[in-house]
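Could you take a look at this one with me? I've put together a few notes for someone opening it for the first time.

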Amino acid sequence: MVMQTAMPLKAEAREPGQPRITPLRMTTWAMFGSTLLMVALPMFYLLYGSFVQDGGEHAFTLGNYAEVYGGEVFLSRFWNTVVLSATVAVLAILLGSLLAWVVARTNAPGVRKAAPLLIVPIMMSNLVTCLAWIALAAPNAGLLNVLIFNLTGIRRVLDIYSFTGMVWVLVLNYAAFAFVSVLGALRSIDADLEEASYLLGVNPVKTAFSMTLPLVFPTLASTFLLVFVFVAENFAVPLVLGTPSGYETLMSQIYYAVADTPAKPGLAAAAGTMLLLIALVGTLWQRRIMANAKRYVTMGGKGGRRKTTDLGRWRYLASAVVFGYLFFSVVLPYCALVTASLMRFVTSRLTWELWTLDNYRKLSDGTFLHLLTNSFLVAVVGGVVAVAFYFVLSYLLSTSQTRFARLTEYAAIMPTVTPSILLAIGFLWAFVALPLPLYGTLGLIFIALVVRSLGLGVRQSRSALLQVSTDLVDAARIGGAGPLKAFRDIVAPALKAPLMSIWTLIFVQFFLDVGLSVVLYSPNSMTIPVYLWTKMNGGEVTGAFAIAVLECTIIFAVLFVAERLFGTVRASLNR
Amino acid sequence: MKARLTLTCAVLALAVPAWAQDVAPEHADAWAFMQEAMPGVPYDLLAAACKEGTVMIYNGTWGDAQKNQIAAFSKRFPCVNVTNFELPTSERRERFVIESKAGRHTADIVQDTDPGVLDAQSDEGLILEYKISSDAQFADSLKKSGYWYPVRIALAANAWNLDNVTDEEIELLSTWQGMTDPRFKGRVGIAMSPSGGGGVTLYPYYALYKTYGEDFMKAFAALEPRNFSGANTLAGALASGDIDVALAVSETGIIPLQGQGAPIEWSLPEPGMGLATGQGISANAPHPNAARLYQEYAFSDEGYAAFNLYGGAPAKTGFADTRPVAKEEWYEYPKTFSDVDPRLMITEKTEFLALNNAWFGLK
Amino acid sequence: MSEILVRNLVKTFGETNVIDDVTFTVPRGEILVILGASGCGKTTTLRCLAGLEKPTSGEIVIDGKPMFGRNIDVPPENRGLGMVFQSYALWPHKTVFGNVSYGLGNLSTEEKRSKVRDALALVGLSGTEDRFPSTLSGGQQQRIALARSAAARPKVMLLDEPLSNLDAKLRETMRSELRTLINELGMTAIYITHDQSEAMALADQVIFMRNGKIEQKASPREIYNRPRTRAVAEFIGSATFLDGRLLSSNGVGSEVDLGGFTLRSTSTLERAAERAVVAIRPERVKLSQDASGGGIIGKVRSQVFLGEATEYEIEVHGIQLVSKSRVELSAGQPVGVSIAPDDVILLPA
């Protein structure tokens, strides 16, 4: 009460004729405040939990940290994680860059038309692709191994339960991610630069390395970091493929700590700080690169003319790379998935009795419709709300230079680099205690998802905002528009295309989420991936496959409709 | 307080002849069933349960069994609307404990695959003290009398893919001693977490170690089994023929695939080794009477059968297994059970894990 | 009365003062050109005036209203200014009409239409209302940007290198049109540029900025003829700089020994010193074929024919001088050199 009466008085004293509480300030404070709160709540509980003895009577302990940083187990897992993540990130970027170069800069036949399909792997849950690959490449009974045996007589050619197997599945998945970002960067480089190099007698390959590579390097660096973090936080692949090959990562260890009896969430939270450290080092490294990158003025995004390199006979090979990637990342696993979903159980010994529609028939009751509604609410509607939130937030962050803004910015990174399973526990702990009507609702899952993707959303919005020259906004301000009006009139419309592409990304992330939802859902707020997860846990693998097929189909359908209505996929590729 | 009150009611009810009860006409059928299936449970419980009108079960990922039981219950007691919340074990456990401690009471009935966890929760006051009328039909090692009772027993099995093993090998697999035969080397799968995980996966190893000693475990490890992250992925690999044999794996993980027609059979060697999956009532159940009524029904012959049909092996004395698999010629239920106390495993867990990880080369 | 007043303006980024205690005024109806190399703080000064950048300290008054000062910071939208950006900053998703009418506030559609029509007529682009900026040429876009900033008839117009993206020919045309337009509308303008000829052509007053400070403020003529520092002289026009020893200096003028010959200058140094730098504009170095006079005698080293004149490099007593002259000479030829005392610019060493 005192504050309320005191504030306007103080304002009058300080700024005559200028109201202290402007709509902008209120919005800024509300946005920063709510962001900080939503991040701080689960993080605080996690931090607190990491200092409390698991299962005990709330006794303070440093034991969790001692076990994580002092013991051999977690340190070896840490190195495993670094090795796996770095390998996948490097290979995914190499493959993604190759794909992007072929699509953007060569005359390889047919690749332009196929380009939109190249983002499909991003839309497939890697737990599901993992299981599909087990069906295909399990050492003894995998369909491909059986096929190879029948053709050549050699057994066990492929073994998906291996480090190589993990890398294979993950690279196929994340190369698409690298493809999208590198494509954007390649398209923003003026071809004049490359031509100038050709004229100086430098051959295309050398030009690519000496000219193009440095120009896209900042993009490669940020993509590397993102893929690295994604892999480090992935628990499905190390769990399903890594455990059988004896390759445990930090995330599988964290998963086991949570699933242990008695559960050790505190230990898991302490182990999570290792991932935070990785992300912290990565972010600092990336900042340095970005600071150096400012001198590359050509990255203005104007895009100029683009020259295509005539590959001659090699162009068919280039096409083969693109279509080969599509085949292995989408067609083959998806076919395996559809086939397996029609089986009673997964096997390569085919009999008539094996085939069934039961897996789909079971989904035809009202349950699935209910799940579909929930998933739609969270991912489609929630995705729109979330993207709007990220944009307004990063806009306000870019206009505000206060310490509060800096704090919010750093806070936004934290949940993105916290494993979702831990973040979810933080949310659970926080919201079960708070007297808010959110616990167990779809609303809480939505909030958790928004917080989870804060870093990604803000980062993407930031780079999209950079594309809108500040002059455009300034011109509106001079023309009499306040910051909010300028945002509405100028920034938002100019951002339509990048907004669309971020929505696509966020929609897929939200739609596929298991890690957060499985901890936070209730019978009323179950989503499709959670249902899939429980089916999988209940041993109904082919039943889960049927759900996965529907899940994929729904994602494709939504993106197809969105593409038709708003051009979302094209927007993602043409940024 | 409430619990004790109801208990007193139950005791009082025993003294009062049934015919003396004023029964509301809409409850007549239910009451008639109760007198037969759960003798001694007072009419007041039915009336109070109906008044509460709803009950929430936190069950595991055995939805078919649970739903079948709920359907049967709803037929008997249409006045109580049952909702169930299907959650994987660790999430379910975490939810129940956190909600209880935060005072956000949602669950009426909870299940857990680990008796140790349920025991601990009972001691911590999270499980309501309620002795079911069929208490005597459950062995002491499979329950904590007055707190939780076993809905099934997850028995350790040696399973094989029919297409990949010989009769001789099947013979070997029907005893614990036979499974370490060197001819299985490189053909075996197990499911074990280096950090222990839930008791269900670890107990068979513990019991085998306690029963047969270290040399046995070393011979087991010498088979170089491929370790899977869970019973389900292991079962999948077995069904597809990627591995020939799965050793000391919980029967509950393989039954669904066998039911789907996968060429899997298994033995449950003597002595049977396994953990009960228990069910108790939350100490802070929002619908304590409906929860008691459901608990009574779940362990009555009819309720138990409804669950058992799609669930795991029964743990009720004198109960005839209703599962299709029980009628299979090859299926043999163990006559004896291991006397290795699962409660002891919890206290020795750290030391045992260190040994176990060393034998199996788990890091 | 001055329309714009800037007093003790300071803007700090991190540790550096981008604007370091800048003070100036612009009388109503005048055009002030701020000239300087990139990074000198000129654009930041303009953005501070516009309210797009928040000064660290200082005071800004526009049209008698305090815009920035202690506890005052009027946001840009309330400063009532017009501004033209180097990048034009036309909104690509709005039509020309949408662009030009944006700053007109709550007028009726009819009023807006007529104002936009007027503004477009002013820049000679009537009838382009429904087109999108991307369909216009660079020069046309520039005019639309101008029309947009002028549509609401602001009293003060800020222009940030508005012509730098145009080709040389167009730049010259636009330059004079701009001057006429600003004068016709009776606006006060601040114009930022790094192009000295633009500054000369447009300005009533020129400010030369360097390292965030005002190095000189003067009329175009004066800043050319009487640059106060070497940096100003270097930036505006070209000159030969010679180190010399100050022989005498009084109220009337000075005499400088350049080593071999001496020059007299009508300018003096502000502070007494022994050494000085002499700046001489090439076109002020008079040459004559007659080398027998009493003046300085030099020798032609090289020549470049420029069309309207020839640029000669003359050696005088071992010192190189550059001269722009119409006199025809050949290399190696002795030449008479004379420089009027008015054209000998004396600068602090």
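Here are my points, chain by chain and then on to the contacts.

1. Some housekeeping before anything else. This is a predicted model, where local features need pLDDT of at least 70 and side-chain atom pairs count only at pLDDT 80 or more, while totals for chains, interfaces and linings use all residues. Residues are numbered from 1 along each chain as its sequence is written, and chains are lettered from A and ligands numbered from 1 in the order in which they are written.

2. Chain B is a good place to begin. Its secondary structure comes to 14 helices and nine strands (DSSP runs numbered from the N terminus: H or I of at least four residues for helices, E of at least two for strands). Along the principal axes, the C-alpha atoms of chain B fill a box of roughly 70 × 40 × 30 Å.

3. How does the radius of gyration of chain B sit against a compact globule? Chain B has 22 Å, which agrees with the value near 21 Å for a compact globule of 363 residues (taken over C-alpha atoms; the rule is 2.2 Å times the number of residues to the power 0.38). Buried residues are 53% of the 363 in chain B; buried is 20 or more other C-beta atoms within 10 Å of a residue's own, exposed is 12 or fewer, and partly exposed is in between, with C-beta atoms placed from the backbone.

4. Next, chain B against chain A. The contact takes 46 residues from chain B and 43 from chain A (two residues are in contact if their C-beta atoms, placed from the backbone, lie within 7 Å). Among the elements of chain B giving two or more residues to that side are β2 (81–86), α5 (89–102) and α9 (231–240). By class, this side of chain B has 14 nonpolar, 21 polar and eleven charged residues; Ala, Val, Leu, Ile, Met, Phe, Trp, Tyr, Cys and Pro count as nonpolar, Asp, Glu, Lys and Arg as charged, and the others, Gly among them, as polar.

5. Chain C touches chain A too: 18 residues of chain C meet 17 of chain A. On the chain C side they divide into twelve nonpolar, five polar and one charged.

6. Last, a residue to click on. Trp355(A) is in the loop between α14 (314–341) and α15 (358–361) of chain A. Is Trp355(A) buried or exposed? Exposed, because 12 other C-beta atoms lie within 10 Å of Trp355(A). Leaving aside neighbours within four places in sequence, Trp355(A) is in contact with Leu342(A) and Met343(A).
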